[in-house]
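Visitor: I should like to be guided through this model by way of questions and answers.

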Amino acid sequence: MNRKLYLPLMLFCVLVITFAVQLQRNAQGDDPKALESALVGKAVPIKMAPDLLENKQHNAEIFQQGKPILLNVWATWCPTCYAEHQYLNYLAQQGVTIIGLDYKDKTDKAIKWLKELGNPYQIVLKDEKGALGLDLGVYGAPETFIIDGKGVIHYRHAGDINEKVWREKLQPIYQKLMEAK
């Protein structure tokens, strides 16, 4: 019998095994949307970054406030960022420190956005060319990093922050860092 006849059957078996393994991983609670970050456990890779709202530059010291910080990557061209913005305002009102990174955006549009929708950010960094986003390994907006009080990244979340994401994923890490400070 010709071996070429078995090739489609072997490919089918490989696909079935691959899908079965992935289903098993999902059943065990692995998040298929989770993005690993090579920066977890490392300091935020910032040298100098301009402030969106003030004529000044910031360095890594803004992430060394002695308490955990959310670094939220956003842009006015991002519809998901618009969807999460109200919840970020809520978190800021609850005392969560958030630093914004306006990613690959126009300054005038970003300032208008914050005036109209509210500003949940303690500091807003401007990243018009995406250089800092590239250093962070950002795939797109929105993405949020949880950073401890010494400026070390502990977690990366791709996608919007809403009540469920905050409660189930981010808040437990944030609270643990708050208790450790």
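The following exchange treats the fold, the sheet, the helices and the salt bridges in turn.

Visitor: On what basis are the features of this model reported?
Guide: Residues are numbered from 1 along each chain as its sequence is written, and side-chain values use heavy atoms, with hydrogens and water left out. This is a predicted model, in which totals for chains, interfaces and linings use all residues, side-chain atom pairs count only at pLDDT 80 or more, and local features need pLDDT of at least 70.

Visitor: What pattern does the protein chain follow along the sequence?
Guide: Helices (H or I, at least four residues) and strands (E, at least two) are DSSP runs, numbered from the N terminus. On this basis the protein chain holds 5 helices and 7 strands. Read along the sequence, the pattern is α-β-β-β-α-β-α-β-α-β-β-α.

Visitor: What percentage of the residues of the protein chain count as buried?
Guide: Buried means under 20% relative accessible area, exposed over 50%, and partly exposed in between, with a 1.4 Å probe and protein chains only. Of the 181 residues of the protein chain, the buried portion is 39%.

Visitor: Which are the edge strands of the open sheet of 5 strands?
Guide: Two strands pair if DSSP finds at least two bridges between them. The open sheet has mixed pairing and the order β5-β4-β3-β6-β7. The strands that pair on one side only are β5 (123–127) and β7 (153–158).

Visitor: Which residue of β7 is the bridge partner of threonine 144?
Guide: Strand β6, residues 143–147, pairs with β7 in the antiparallel sense over 5 bridges. Within β7, threonine 144 has as its bridge partner histidine 157.

Visitor: At about what angle to β7 does helix α5 run?
Guide: Axes are lines fitted to C-alpha atoms, for helices over the stretch in contact (heavy atoms within 4.5 Å). Angles run from 0 to 180 degrees between N-to-C directions. Helix α2 (residues 79–93) lies across β3 (69–74) and β4 (98–103), at about 160° to β3. Helix α5 (residues 163–180) lies across β3, β6 and β7, and its angle to β7 is about 170°.

Visitor: Why are α2 and α3 described as oblique to each other?
Guide: Angles under 35 degrees count as roughly parallel, over 145 as roughly antiparallel, 65 to 115 as roughly perpendicular and the rest as oblique. The axes of α2 and helix α3 (residues 107–117) come within 11 Å and cross at roughly 50°. The contact is made by Cys81, Tyr82, His85 and Asn89 of α2 and Trp113, Leu114 and Leu117 of α3. The orientation of α2 and α3 is therefore oblique.

Visitor: Are arginine 156 and glutamate 143 buried or exposed?
Guide: A salt bridge is a side-chain nitrogen of Lys or Arg within 4 Å of a carboxyl oxygen of Asp or Glu, and arginine 156 meets glutamate 143 in this way at 2.9 Å, N to O. The pair links distant parts of the chain, with arginine 156 in strand β7 and glutamate 143 in strand β6, 13 residues apart. Arginine 156 and glutamate 143 are both buried.

Visitor: How far apart are the closest N and O atoms of lysine 56 and glutamate 54?
Guide: Lysine 56 is partly exposed, at 40% relative accessible area, and glutamate 54 is partly exposed at 47%. In the salt bridge between lysine 56 and glutamate 54, the closest N and O atoms are separated by 3.3 Å.

Visitor: Which residues are joined into one network by salt bridges that share partners?
Guide: The structure holds 5 salt bridges. Glutamate 168 and arginine 167 meet in one of 3.9 Å, N to O. Through shared partners, the network joins Glu163, Arg167 and Glu168.
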